[in-house]
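Dear colleague,

I am passing on the structure below, and after it you will find my notes on what turned up when I went through it. Please read them with the model open beside you.

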Amino acid sequence: LGNALPAAGQFRTPPQQTHVKSHLLDADTVWMGTSNGVVKMLRNGQLLQRWTADDFPEPGFPASTPTAMALDNQGRLLVYYDFWGIRRFDGVQWEILSDPFTPVIGNLSFIDIAVDSQNRILLGGGSFMYRQQGSDWEAISTPFSSHNRMKRGPDGHIWVITNQFVARLDD
């Protein structure tokens with residue numbers, strides 16, 4: 001019959017969370033964006049902290065589930081909500097970086113968020129990509145019609161995944 005294979009891995013879902021749409025792994029910490037809040041837990045499943053609507057500054061917790069998460073260069077969590085903007089957590093409190101009324105990006109829907117080596121926030125997805133320049137946002141021209149995800153590589157560059165290839169964004 002051959003060699004026995006090791007048992008398949010087991011998946012665990014924290015019972016207090018539903019509808020996970022985004023996640024971020026940072027060493028032994030797992031951040032999850034869910035329909036009822038943001039969760040910080042250890043990889044072993046131990047819940048460290050959870051934030052719900054009451055924990056967010058006005059106008060409160062957005063009605064949608066967080067679309068994407070990233071860490072900035074200071075290790076602060078950035079959470080992007082479709083049409084609701086960006087929230088940042090500094091380890092103690094949440095702040096609003098952009099909202100539905102932020103010029104340029106406020107009324108657009110993005111798939112992913114990333115931070116470049118200069119600590120500028122990038123939002124992208126579909127045929128759109130924007131980069132924060134102080135309090136303004138600049139459109140970044142892309143040579144492809146659509147992209148799905150962005151990540152910063154060890155080289156500091158942003159790598160973009162399209163439906164057909166991987167591309168590097170040069171500053």
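E138 is partly exposed, with a relative accessible area of 27%, and its salt-bridge partner is R131, the closest N and O atoms of the two being 2.9 Å apart. R131, by contrast, is buried, because its relative accessible area of 11% falls under the 20% limit. Please bear in mind throughout that this is a predicted model, so that every distance and area given here is a computed value.

The count of salt bridges comes to seven, and a few others deserve a look alongside R131 and E138. E95 and R88 form one of them, with 2.8 Å between the closest N and O atoms; here E95 is partly exposed at 33% relative accessibility, whereas R88 counts as buried at 16%. In another, the side chains of D170 and R168 meet at 2.8 Å, N to O, and both residues are partly exposed, D170 with a relative accessibility of 46% and R168 with a relative accessible area of 41%. Salt bridges also link D112, R149 and K151 into a network.

Turning to the strands, there is an open sheet of four with antiparallel pairing, in the order β9-β10-β11-β12. Its edges are formed by β9 (112–115) and β12 (136–139), each of which pairs on one side only, and from one strand to the next the twist averages 25°. Within this sheet, β10 (residues 121–125) and β11 (residues 128–133) run antiparallel and are joined by four bridges; one residue you may wish to locate is G125, whose bridge partner in β11 is F128.

The aromatic residues gave me the most to write about, as the structure holds nine aromatic pairs. One of them is made by Y80 and F110, whose ring centres are 5.8 Å apart and whose planes stand at 75°, so the pair is edge-to-face. Y80 belongs to strand β6 (residues 77–81), while F110 sits in the loop between β8 (94–96) and β9, and the pair therefore ties together parts that are 30 residues apart in sequence. Both Y80 and F110 are buried.

A further pair is that of F89 and W94, with ring centres 4.8 Å apart and planes at 35°, so this pair is classed as tilted. F89 counts as buried at 4% relative accessibility, and W94 is likewise buried, with a relative accessible area of 6%. These two residues also belong to a cluster in which ring pairs link W31, W51, F89 and W94.

Finally, what lies at the surface among the nonpolar residues? W159, I161 and V166 form a nonpolar patch there, and together they have about 260 Å² of accessible area. Of these residues, W159 has its place in strand β14 (residues 158–162), and at 32% relative accessibility W159 counts as partly exposed.

If you go through the model in the order of these notes, you could begin with the salt bridge between R131 and E138, continue with the sheet from β9 to β12, and then turn to the cluster of W31, W51, F89 and W94.

With best regards

How values were computed:
Residues numbered from 1 in each chain as written. Predicted model: local features only at pLDDT ≥ 70, side-chain atom pairs only at ≥ 80, totals over all residues. Heavy atoms only, no water. Salt bridge = Lys/Arg side-chain N within 4 Å of Asp/Glu carboxyl O. Buried < 20%, exposed > 50% of the residue type's maximum accessible area, 1.4 Å probe, protein only. Pairing = 2+ DSSP bridges. Helix = DSSP H or I, 4+ residues; strand = E, 2+ residues; numbered from the N terminus. Axes fitted to C-alpha atoms, helices over the stretch in contact; angles between N-to-C directions. Patch = residues over 30% accessible without salt bridge, like charges linked within 9 Å, V, L, I, M, F, W, Y side chains within 5 Å. Areas by Shrake-Rupley, 256 points an atom, 1.4 Å probe, with all protein chains shown as cover. Phe/Tyr/Trp six-rings, centres within 6.5 Å; stacked < 30°, edge-to-face > 60°.
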